[in-house]
Amino acid sequence: MIKNDLTVVVSSCDRYQDILRPFSVCFRKFWEDCPCEVMLATETTPPDMEDTVFNRIVPAGAGTSWCERLYACLEQAKTPYILLVLDDFFLKAPVSNQRIEALLETAKEMHAAHLRLEPLPKPQRRITGEVGEYVKGQAYRVSAQIAIWDRAYLMRMLKEIGKSELWYFERQGSFISEKYDQISLGCYQTVMPFEEIICAARWLPGGIKFCQKENIPIQREIRADEPASFTMYRNLRGIIFHICPTLITKIKLKMTANQTNGR
């Protein structure tokens, strides 16, 4: 059964504590019958966590990196697979337990390192009608998008990457994964639709609109809104990146070789 094999792990940090309650509201609304334990990976224990979706909170310590926090949480997880979700990914459509269980079985049968539930980017080699492979040598073969992970594989990768942040996990992890035998899989269609609420510690315009539409209370005064000019820049940067993602990622890794701090 899915609850015996899969744990939902939500990755967070102290400066995002204010969104954990609204995250929980969306999670309950769109995945009301989630059968899995939900764990929170964070720095220090947030105050007033009653009535949230988190069954267990694992504080790794103030100032710990994204990789350290996630590793500490995975050490305490009790299932062979985990479903990794970022705290600023607010669910916005119903989640099907049957579909999650079917994809979990696919991950098991193919001995997959992970199976991404959001096609960002899409897999490069189609295996079935729904699932494809992220081939070796490509950028973002490893991602922090919502995905089912082999817990032991993810822990091994996190340990090798060390005390690093999310962006480094994705960039460097994609190339580290090439030396492991396990296949990296992903879906061609979104399985768990979500709205990204925050980018670079600022409210995203789409996230604000979503919360207003769904009557989800957020503390607007906690952080600034992303300026429209930066939204346009980020969209343009994304277009340029997708032209040659692997080369650009390798260049970025060389330029930021000694910079592993910052979410």
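**Overall architecture and local packing**

Among contacts between residues at least 6 apart in sequence, 75% link residues at least 24 apart. That figure, like everything else here, comes from a predicted model. The protein contains nine helices and 13 strands, and 54% of its 263 residues count as buried. About 12,100 Å² is exposed, and carbon and sulfur atoms supply 52% of that area.

The backbone of the description is an open sheet. Nine strands take part, in the order S3-S2-S1-S4-S9-S6-S10-S8-S7, and the pairing is mixed. Strand S3 (56-59) and strand S7 (125-126) are the edge strands, each pairing on one side only. At the S3 end, S2 and S3 run parallel and are joined by four bridges; Leu40 has Ile57 in S3 as its bridge partner. Helix H3 (residues 66-76) packs on the sheet here, touching S1, S2, S3 and S4, and its direction makes about 145° with that of S2. Another helix, H5 (residues 151-161), lies across S4, S6 and strand S9 (147-150), and runs at about 80° to S9.

Strand S10 (residues 183-187) shows both kinds of pairing. With strand S6 (residues 112-116), S10 pairs in the parallel sense over four bridges, and Ala112 has Ile183 in S10 as its bridge partner. With strand S8 (residues 131-133), S10 pairs in the antiparallel sense over three bridges, and here Gly132 stands opposite Gly186 of S10. In general, strands of a sheet pair through backbone hydrogen bonds, either parallel or antiparallel. S10 is also well covered, with five of its five residues buried. Side chains in a regular strand alternate between the two faces of the sheet. In S10, Ile183, Leu185 and Cys187 point one way while Ser184 and Gly186 point the other way, and all are buried.

Next comes the core. In soluble globular proteins, nonpolar side chains tend to be buried together. The largest nonpolar core of this model has 82 residues, and those with the most contacts inside it are Val8, Trp66, Leu83, Leu117, Phe169 and Met192. Val8 makes a handy example: not counting residues up to four places away in sequence, Val8 touches Phe27, Trp31, Cys34, Cys36, Glu37, Val38, Met39, Leu83 and Val85.

One of those partners of Val8, Phe27, is among the buried residues of helix H2, along with Leu20, Pro22, Phe23, Ser24, Cys26 and Phe30. What do the buried residues of H2 pack against? They meet strand S1 (6-11), strand S2 (38-42), strand S4 (81-86), strand S5 (89-91) and helix H7 (205-213).

Ser24 deserves a closer look. This serine sits in helix H2 (residues 20-30), and its relative accessible area is 2%, so Ser24 counts as buried. Its side chain reaches the backbone nitrogen of Val53 at 3.3 Å. Leaving aside neighbours within four places in sequence, Ser24 is in contact with Thr52, Val53 and Phe54.

Asp5, in helix H1 (residues 2-5), is another polar residue worth a look. Is Asp5 buried or exposed? Buried, because its relative accessible area of 19% falls under the 20% cut-off. The side chain of Asp5 makes a polar contact with the side chain of Lys108, at 2.5 Å. Lys108 also appears in the list of residues that Asp5 contacts beyond four places in sequence, together with Thr79, Pro80, Tyr81 and Leu104.

Ala201 falls on the other side of that cut-off. With a relative accessible area of 21%, Ala201 is partly exposed, because that class starts where buried, under 20%, ends. The residue lies in the loop between strand S12 (198-199) and strand S13 (202-203). Ala201 and Tyr16 are 185 residues apart in sequence, and their C-alpha atoms are 8.2 Å apart in space. Tyr16 is also one of the residues that Ala201 contacts beyond its neighbours within four places, the others being Arg15 and Arg223.

How values were computed:
Residues are numbered from 1 along each chain as its sequence is written. This is a predicted model: local features need pLDDT of at least 70, side-chain atom pairs count only at pLDDT 80 or more; totals for chains, interfaces and linings use all residues. Side-chain values use heavy atoms; hydrogens and water are left out. Helices (H or I, at least four residues) and strands (E, at least two) are DSSP runs, numbered from the N terminus. Buried means under 20% relative accessible area, exposed over 50%, partly exposed in between (1.4 Å probe, protein chains only). Contact means heavy atoms within 4.5 Å. Accessible areas come from the Shrake-Rupley method with a 1.4 Å probe; for residues, only the protein chains shown count as cover. A nonpolar core is a set of buried Ala, Val, Leu, Ile, Met, Phe, Trp, Tyr and Cys residues joined through side-chain atoms within 4.5 Å. A polar contact is a pair of N or O atoms within 3.5 Å; within protein, one must be able to donate a hydrogen and the other to accept it, and residues adjacent in sequence count only if both atoms are side-chain atoms. Two strands pair if DSSP finds at least two bridges between them. Axes are lines fitted to C-alpha atoms, for helices over the stretch in contact, and angles run from 0 to 180 degrees between N-to-C directions.
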